[in-house]
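I opened this entry to look up the overall fold, the sheet and one of the pockets. My notes follow the order in which I checked them.

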Amino acid sequence: MERVVLVTGASGGVGLALCKRLLDEDGRIHLCIACRSEQKSEATRDLILATHPAAQVSTVEMDLGNLASVLRATRELRCRFQRLDFVYLNAGIMPNPHVNFRALWHGLLTGKLLHMLTTAEGIMTQTDRLNGDGLQEVFATNLFGHFMLVRQLQSLLCGNEKPSRLIWTSSSNARESAFSLSDYQHAKGQESYSSSKYATDLTSVVLNRKFNDQGLYSSVVCPGLVMSNMTYRILPVFLWKLLMPIMWLIRFFAKTYTLTPYNGAEAHVWLFKQKPEYLDSLVKYHSCTSGLGRCYVEPRKMDVDEDTAEKLYQKLLELEEQSLEKYHHLLD
């Protein structure tokens, strides 16, 4: 039987490039793309079929920042499929980003500029807000919506003849210093994106501990710095155009400057071809591109505390219980 692959955030950037690259690897897969609206889903499906006309591509409407939407979509997916082989948890947001140019200047003077440019440490902040469910928007979209998705699709992911895979799009910007268990939604800080991605890393670690024996494996990847709609919101477009020649030069020194969505999907595609039993659950797989444009994957040990990971997981379970009580009418 063909493998069934679900991709969230498939309408553009790394998600769209990933869909096309997966079909290049195996044109027999059934690809299910999840986008926030039916219009986006159909437009994305048309784009994919334009380059892969024989592909099996279905759509599901899912807004990861809206729990009712997630529950409706997972109910539909449970009716439609008997199993899922891969779920790429790729959708994400970075609202109202701000660049600290003073910190950039200080990094230049102290010799830390390259590190700051490759991790965004100390130079990127965001202004978050509550969503319609009363959750912090970045936390809800980047992590909790995906967590609920996995939990609701557990029957399709566990106990299959072959292992199923979760592949989370994380970031090199995932930093412990931006995360706090007492404020795991990051309501009080200004680095909600970094916090959500660190929480993603922690969640993946616990999922492996709890579900590997049921045939479900979780991995995290970093696509590197990719020029996408999310990135273009950080600075004015004219400034990006001025910076692009410099960024291509920086790639000779910063291999995570993948720049294109195609390059950014390298680690996602590499994991598609690996046997999960031999992967390290404490490693993040980074998409890298050499100065001359060669794509490759670099595994790096994650800076995660497993005790903190377990405590976060318990908090997510508690939040899930509260959410399901609110939306019990959407359950089977």
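Below are my notes, from the whole chain down to a single pocket.

**Whole chain.** I am working from a predicted model. I looked up the secondary structure and found 13 helices and 10 strands in the chain. Next I checked the radius of gyration, which is 19 Å. The globule rule gives 20 Å for 332 residues, so the chain is as compact as a globular protein of that length. I also noted the box that the C-alpha atoms fill: roughly 60 × 45 × 40 Å along the principal axes.

**Sheet.** I traced an open sheet of 8 strands. Its order reads 3-2-1-4-7-8-9-10, and the pairing is mixed. Which strands stand at the edges? I found strand 3 (56-61) and strand 10 (295-301) there. Each has a single partner strand, so one side of each is left without a neighbour in the sheet. From one strand to the next, the twist averages 25°.

**The strand 3 edge.** I followed strand 3 to strand 2 (residues 30-35). The two pair in the parallel sense, over 6 bridges. I picked out one bridge here: His-30 has Gln-56 in strand 3 as its partner.

**Helices across the strands.** I looked at helix 2 (residues 38-51) next, which lies across strand 2 and strand 3. Helix 2 runs at about 165° to strand 3. Helix 1 (residues 13-25) lies across strand 1 (4-8), strand 2 and strand 4 (86-89). Its angle to strand 1 is about 165°.

**Second largest pocket.** I noted a volume of about 470 Å³ for this pocket. Which residues are closest to its centre? Of the 16 that line the pocket, they are Arg-3, Asp-85, Glu-161, Lys-162 and Pro-163. I then sorted the lining by type: 8 residues are charged, 5 nonpolar and 3 polar.

Note on methods:
Residues numbered from 1 in each chain as written. Predicted model: local features only at pLDDT ≥ 70, side-chain atom pairs only at ≥ 80, totals over all residues. Heavy atoms only, no water. Pairing = 2+ DSSP bridges. Helix = DSSP H or I, 4+ residues; strand = E, 2+ residues; numbered from the N terminus. Axes fitted to C-alpha atoms, helices over the stretch in contact; angles between N-to-C directions. Contact = heavy atoms within 4.5 Å. 1 Å grid on protein atoms, 1.4 Å probe; cavity = no way out; pocket = protein on both sides within 12 Å on 5 of 7 lines; lining within 4 Å. Points joined across faces, edges and corners; volume = space filled by probe spheres on them. Nonpolar A, V, L, I, M, F, W, Y, C, P; charged D, E, K, R; others polar. Rg over C-alpha atoms; globule rule 2.2 N^0.38 Å.
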